[in-house]
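Visitor: Hey, got a minute to walk me through this one? I'd like to go through it bit by bit.

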Amino acid sequence: MRKYCEECKKEVETKVVTKKETYDVCGEAIEVDAQVLICEECGEEFYYEEFDNATLIQAYNEYRRKHKLLFPEEIKKIREQYGLSQRSFAKLLNWGDKTICRYENGSIQDKAHNSLLLFLRRPENMKTYLAENEILLDEKQKKKLMNIVEKLGKDSEYQLGIRFFGAFFSGTPCEENGFKGFDYEKFCAMVLFFAHKSTELLKTKLMKLLNYSDMVFYKENGISISGLKYVHFPYGPVPDNFDMLFGRMAADHIAHIEVCYDNGYEKHQVIPECDAPEGILSDAELKVLERIYEKFKNFGSADISDYSHKEKGYNATKQGEIISYVYAKDIQLD
Ligand SMILES: [Zn+2]
């Protein structure tokens with residue numbers, strides 16, 4: 001990117017460097033690795049809104065990790081599993097009207113509020129809460145909520161699903177999963193997005209598309225989309241426990257792999273079984289998927305594999321090792 005440098009008094013080439021910056025979050029100094037744009041000739045720093053925003057989000061997320069606070073996305077999920085609007089959820093909790101809205105949009109929540117949300121994440125706890133507190137919802141809403149809580153508690157599939165994923169996929173945000181617990185719904189939505197866009201999507205290419213989407217989204221927002229961990233395989237980064245995930249998706253009739261033969265070569269094709277769901281991925285997430293799709297749409301599986309072999313994260317890890325999202329900052333797509 002070329003910019004006008006006030007120091008050099010001319011248009012110059014710029015470059016991106018990483019440096020330590022300290023932000024004040026809730027009165028605490030939080031240090032982050034910020035990306036900044038500088039003049040290639042004199043080193044003068046430019047203001048670049050996109051990086052500035054990303055750094056601020058990073059600082060907030062760092063603060064959340066440090067204090068073990070729920071991420072905005074997680075708060076939204078808790079509310080949505082009970083089918084509540086932001087306003088009725090706030091009412092139910094006896095909080096101010098706009099409180100939930102602010103938390104879901106990135107404000108840092110109060111510690112006590114965080115504990116209550118964490119507690120209410122489990123349907124059986126919500127049941128206790130409803131029984132022991134005066135509920136300010138109207139009768140109709142209350143009844144609807146009770147039904148959902150009953151259903152969530154009884155739904156053996158739901159319970160099984162939690163145990164299944166809990167055993168293999170870490171729910172705790174960390175560097176390896178892009179600071180996000182694994183989100184099966186988002187993962188399925190990503191697979192369906194790419195499977196419907198492409199005329200033919202091979203399994204090996206899909207894995208690279210998933211990896212780039214998660215890494216690029218992480219680079220720009222400080223959090224991954226799916227919460228998947230990626231492992232260093234001979235032909236590039238691959239989601240951890242990929243075969244099991246695909247088995248589950250096939251059992252749920254979301255998508256499956258079909259093996260076909262093309263001139264004697266075995267091809268593993270991804271076949272979608274339902275439409276891409278609406279409302280699961282945010283606009284920002286969809287935009288990243290769109291960019292990744294466009295970038296690689298004319299790449300064959302081998303081309304994209306070669307391309308991903310050049311990434312720093314891939315080169316810094318050995319076979320079978322997890323490629324941390326820390327390396328996302330080194331990905332340059334254009
Ligand atoms: Zn300059």
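Guide: Sure, we can take the metal site, then the cysteines, the loops and strands, and the helix packing.

Visitor: Before we start, what kind of model is this?
Guide: This is a predicted model.

Visitor: OK, metal first. Which residues coordinate the zinc ion?
Guide: The zinc ion is held by four SG atoms, from C5, C8, C39 and C42. The coordination distances run from 2.2 to 2.3 Å.

Visitor: And what arrangement do the four donor atoms make?
Guide: Tetrahedral, because the angles they subtend around the zinc ion are 103 to 116°, and the cut-off for tetrahedral asks that all angles lie between 85 and 135 degrees.

Visitor: What spacing do the donors follow along the chain?
Guide: Reading along the chain, the pattern is C-x2-C-x30-C-x2-C.

Visitor: Is C39 buried or exposed?
Guide: C39 is buried, since its relative accessibility is 1% and anything under 20% counts as buried.

Visitor: What about C42, how accessible is that one?
Guide: C42 has a relative accessible area of 40%, so C42 is partly exposed.

Visitor: Switching to the other cysteines. How many disulfides are there?
Guide: The count is zero disulfides. Take C101, which is in no disulfide: the nearest cysteine sulfur belongs to C26, and that is 17 Å away.

Visitor: How accessible is C101?
Guide: C101 is partly exposed, with 22% relative accessible area. C174 is partly exposed too, at 24%.

Visitor: You mentioned C26. What is its phi like?
Guide: Phi of C26 is positive, near 50°, and C26 is not a glycine. For context, most residues other than glycine have a negative phi.

Visitor: Where is C26 found?
Guide: C26 is in the loop between β2 and β3, with β3 covering 28–39. C26 is also exposed, because its relative accessibility is 53% and the cut-off for exposed is over 50%.

Visitor: Which phi value does K9 have?
Guide: K9 has a positive phi of about 60°, and K9 is not a glycine either. K9 is in the loop between β1 (2–5) and β2 (10–25). With 56% relative accessibility, K9 is exposed.

Visitor: Now β2 itself. How far apart are E11 and C39?
Guide: Their C-alpha atoms are 9.4 Å apart in space, with the two positions 28 residues apart in sequence. E11 lies in strand β2, and C39 is one of the zinc donors from earlier. E11 counts as partly exposed, given its 47% relative accessibility.

Visitor: And V16, how far is that from I38?
Guide: The C-alpha atoms of V16 and I38 are separated by 6.4 Å, and the two residues are 22 apart along the chain. V16 belongs to strand β2. At 37% relative accessibility, V16 is partly exposed.

Visitor: Last topic, helices. At what angle do α9 and α10 pack?
Guide: About 120°, with the axes 11 Å apart. Helix α9 spans residues 184–197, while helix α10 spans residues 203–221. That angle makes α9 oblique to α10.

Visitor: Is that crossing right-handed or left-handed?
Guide: Right-handed, for α9 passing α10.

Visitor: How do α9 and α12 cross?
Guide: The α9 and α12 axes cross at roughly 40° and come within 11 Å. Helix α12 is made of residues 283–296. That makes α9 oblique to α12, and their crossing is right-handed.

Note on methods:
Residues are numbered from 1 along each chain as its sequence is written. This is a predicted model: local features need pLDDT of at least 70, side-chain atom pairs count only at pLDDT 80 or more; totals for chains, interfaces and linings use all residues. Side-chain values use heavy atoms; hydrogens and water are left out. Donors are N, O and S atoms within 2.8 Å of the metal (3.2 Å for Na, K and Ca); water is not among the atoms, so sites may look incomplete. Four donors count as tetrahedral if all angles lie between 85 and 135 degrees; four count as square planar and six as octahedral if opposite donors are over 155 degrees apart and all others between 65 and 115; anything else is irregular. Buried means under 20% relative accessible area, exposed over 50%, partly exposed in between (1.4 Å probe, protein chains only). A disulfide is a pair of cysteine sulfur atoms within 2.5 Å. Axes are lines fitted to C-alpha atoms, for helices over the stretch in contact, and angles run from 0 to 180 degrees between N-to-C directions. Helices (H or I, at least four residues) and strands (E, at least two) are DSSP runs, numbered from the N terminus. Angles under 35 degrees count as roughly parallel, over 145 as roughly antiparallel, 65 to 115 as roughly perpendicular and the rest as oblique. A crossing is left-handed if the near helix is turned anticlockwise from the far one by less than a right angle, and right-handed if clockwise.
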